[in-house]
Amino acid sequence: MRVLALAAVGALVLAGGIGAALRADPAPSTAYLTDDAGRALILNGFNTASSAKSTPDGMPTFTEADLDREHADMGTNFVRFLISWRSVEPEPGVYSQEYLDRVAERVGWYADRGYSVMLDMHQDLYSSAITPSGQNGNGAPAWATYLDDLPVGDNDMWEMYYLEPGVIRAFDNFWNTTGKHPELTDHYANAWRAVAERFAGNPAVVAYDLMNEPYGGTLQGPVFEAGPLTALYQKTSDAIREVDRDTWVCVAPQAMGTNWGTPSGLRPIDDARDGEQRVAYCPHIYPLPMDLGGGYTGNSRTQVDATIDAWRGNVLRTAKDLGTAPIILGEFGLDTTLHGALDYVDRIYDTARDMGAGVSYWARDPGPWGPYEEDGTERNLVAALDEPYPRAIAGQPTRWSADADRLEFAYLPNLSITAPTEVYLPARTFPNGADVDGAHVANWNPDARILTLRAPATRQEVTVSVTPRG
Ligand SMILES: CN(C)c1ccc(C(=O)NC[C@H]2N[C@H](CO)[C@@H](O)[C@@H]2O)cc1
């Protein structure tokens with residue numbers, strides 16, 4: 001039954017993809033998140049980590065040494081760090097500074113290594129309180145979970161819990177579709193204000209991802225996204241801006257459908273800050289044929305490519321509707337033992353690069369989806385992700401492309417930015433450093449693998465080419 005339902009949605013996506021191919025897609029986004037120095041950031045990292053969904057202290061099973069290894073192996077500069085409402089607000093109106101201390105400690109690990117952090121208020125299936133075992137779902141605290149005594153049956157596939165009457169009711173109460181709980185979205189916005197109060201002014205924390213994979217319960221599609229979801233984002237953004245005028249807020253569409261390439265009905269929010277709007281768009285992509293284990297070969301590859309094409313056009317349209325919002329692909333990932341898996345990974349990173357989007361891979365957990373096995377053995381994903389890229393650009397990026405042993409990028413220098421342009425170079429393909437055309441080498445740090453560049457004093461577009469030193 002589930003396969004038929006999903007296949008029906010898949011057919012919609014393919015039809016949409018063909019339809020989208022008939023419509024001209026908007027131009028790739030020219031908007032990027034910027035650091036305190038004003039540099040455009042090319043964000044490249046992981047979701048860290050799924051394990052945080054179930055640990056009592058709400059922290060991922062991830063150490064500072066794990067981060068050192070990730071940086072040495074893949075040169076990441078970004079993390080979508082999972083936090084949870086249950087941990088922020090364990091009792092109504094009570095905010096856990098002890099929990100926020102633990103988050104701040106890990107943010108410090110990333111900050112010490114020059115990373116950018118996006119805090120992700122992560123939910124799946126609303127809450128771990130949907131079943132007595134607490135083993136299904138995560139996100140909302142128990143005190144905010146109202147099933148109204150409706151049943152939640154057992155399911156082999158975790159996604160099927162979204163169809164359980166009790167889970168749908170928990171969401172309907174949160175969104176106040178029932179009219180019985182107008183207070184819950186206020187609590188949610190105030191929990192985010194407590195987080196923002198803690199991290200406002202922290203230069204490593206560049207964005208807040210307001211809700212992971214929203215779900216509307218009995219409300220689905222544009223009626224949900226343009227209604228309660230946009231209203232929650234506005235309410236939450238307003239609450240954050242009371243204490244933090246500068247960190248970007250990231251809004252995501254409902255997961256159902258848009259993860260598979262269908263368009264989103266999300267509407268713009270008004271950022272209360274003075275100056276530029278700092279609202280980014282954080283969609284996910286999980287093509288249905290991959291979800292069904294089809295791999296990236298043969299007919300499954302054809303369907304996945306149609307999904308990616310449809311997804312790209314729909315994401316660019318929504319980002320434009322949101323006010324030319326920068327795009328961060330908040331999640332994509334797969335079991336990399338599937339046939340064609342690394343070709344799929346390359347296709348997604350190429351698509352994100354072309355869209356000007358940052359990427360956080362799902363996820364930084366051991367096992368077949370991640371970079372390392374349970375015993376720490378390096379997996380195929382590490383080499384696939386270890387490619388050169390411009391981490392931070394002192395101007396407006398216009399294009400970039402890379403292979404394992406070549407990087408080329410172009411940008412319009414902003415002469416008012418005093419910080420240099422930074423490039424990551426893998427040790428495996430740039431063992432002796434690099435030869436550079438189009439810019440001056442200010443420094444090469446062989447330990448951090450970071451090449452620092454200065455553009456010629458021009459307002460014209462410069463093209464930089466980086467190749468391994470012989
Ligand atoms: C039916 N609904 C609402 C639904 C189905 C499937 C997903 C999903 O696979 N999501 C992809 C990944 N994202 C989460 C973490 O955010 C992971 O657990 C999923 O693998 C989401 C929602």
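Reader: In which strand is Thr48 found?

Author: Thr48 is found in strand β2, which covers residues 44-48. Keep in mind that this is a predicted model.

Reader: Is Thr48 buried or exposed?

Author: The idea is to take the relative accessible area and compare it with a cut-off: under 20% is buried, and over 50% is exposed. Thr48 has 1% relative accessibility, so Thr48 counts as buried.

Reader: Which residues does Thr48 touch, leaving out those up to four places away in sequence?

Author: Thr48 touches Pro60, Phe62, Val79, Arg80, Phe81, Leu82, Tyr110 and Arg364.

Reader: What does UniProt list for the residues that begin at 44?

Author: The UniProt record, an unreviewed entry, lists residues 44-363 as "domain: Glycoside hydrolase family". In the model, the end C-alpha atoms of that span lie 13 Å apart. The span is 38% helix and 11% strand.

Reader: Next, charged side chains. Why can side chains of opposite charge pair?

Author: They can pair when their charged atoms come close. In this structure, a search of the whole model finds 32 salt bridges. One of them joins the side chains of Arg113 and Glu64, at 3.0 Å from N to O. Its partners come from distant parts of the chain, 49 residues apart. Arg113 sits in the loop between α4 (97-112) and β4 (116-121), while Glu64 belongs to helix α2, residues 64-74. Glu64 is partly exposed, because its relative accessibility is 31%.

Reader: Where are the partners of the salt bridge between Asp305 and Arg347?

Author: Asp305 is in helix α9 (residues 298-321) and Arg347 is in helix α10 (residues 341-355), 42 residues apart. Their side chains meet at 2.8 Å, N to O. Arg347 has 24% relative accessibility and therefore counts as partly exposed.

Reader: How are α9 and α10 placed relative to each other?

Author: To read a pair of helices, look at how close the axes come and at what angle they cross. The axes of α9 and α10 come within 11 Å and cross at roughly 20°. Angles under 35 degrees count as roughly parallel, so α9 is roughly parallel to α10. Their crossing is right-handed. On the α9 side, the contact includes Arg301, Val304, Asp305, Ile308 and Trp311. On the α10 side, Tyr344, Arg347, Ile348 and Thr351 are among the residues taking part.

Reader: What is the crossing angle of α4 and α6?

Author: The axes of α4 and helix α6 (residues 183-199) cross at roughly 50° and come within 11 Å. That angle is why α4 is called oblique to α6. The crossing is right-handed. Gln97, Leu100, Asp101, Val103, Ala104 and Val107 in α4 meet Ala194, Val195, Arg198 and Phe199 in α6.

Reader: Which strands hold Arg391 and Glu422?

Author: Arg391 and Glu422 form a salt bridge at 3.2 Å, N to O. Arg391 lies in strand β10 (residues 389-393) and Glu422 in strand β13 (residues 421-424), so the pair ties together parts 31 residues apart in sequence.

Reader: Are Arg391 and Glu422 buried or exposed?

Author: Arg391 counts as buried because its relative accessibility is 5%. Glu422 is buried too, with a relative accessible area of 17%.

Reader: Which residues do salt bridges with shared partners join into one network?

Author: Asp25, Arg312, Arg317 and Asp354 are joined in this way.

Notes
Residues are numbered from 1 along each chain as its sequence is written. This is a predicted model: local features need pLDDT of at least 70, side-chain atom pairs count only at pLDDT 80 or more; totals for chains, interfaces and linings use all residues. Side-chain values use heavy atoms; hydrogens and water are left out. A salt bridge is a side-chain nitrogen of Lys or Arg within 4 Å of a carboxyl oxygen of Asp or Glu. Helices (H or I, at least four residues) and strands (E, at least two) are DSSP runs, numbered from the N terminus. Buried means under 20% relative accessible area, exposed over 50%, partly exposed in between (1.4 Å probe, protein chains only). UniProt positions are given in the numbering used here, feature names are shortened, and annotations may be inferred rather than shown by experiment. Axes are lines fitted to C-alpha atoms, for helices over the stretch in contact, and angles run from 0 to 180 degrees between N-to-C directions. Angles under 35 degrees count as roughly parallel, over 145 as roughly antiparallel, 65 to 115 as roughly perpendicular and the rest as oblique. A crossing is left-handed if the near helix is turned anticlockwise from the far one by less than a right angle, and right-handed if clockwise. Contact means heavy atoms within 4.5 Å.
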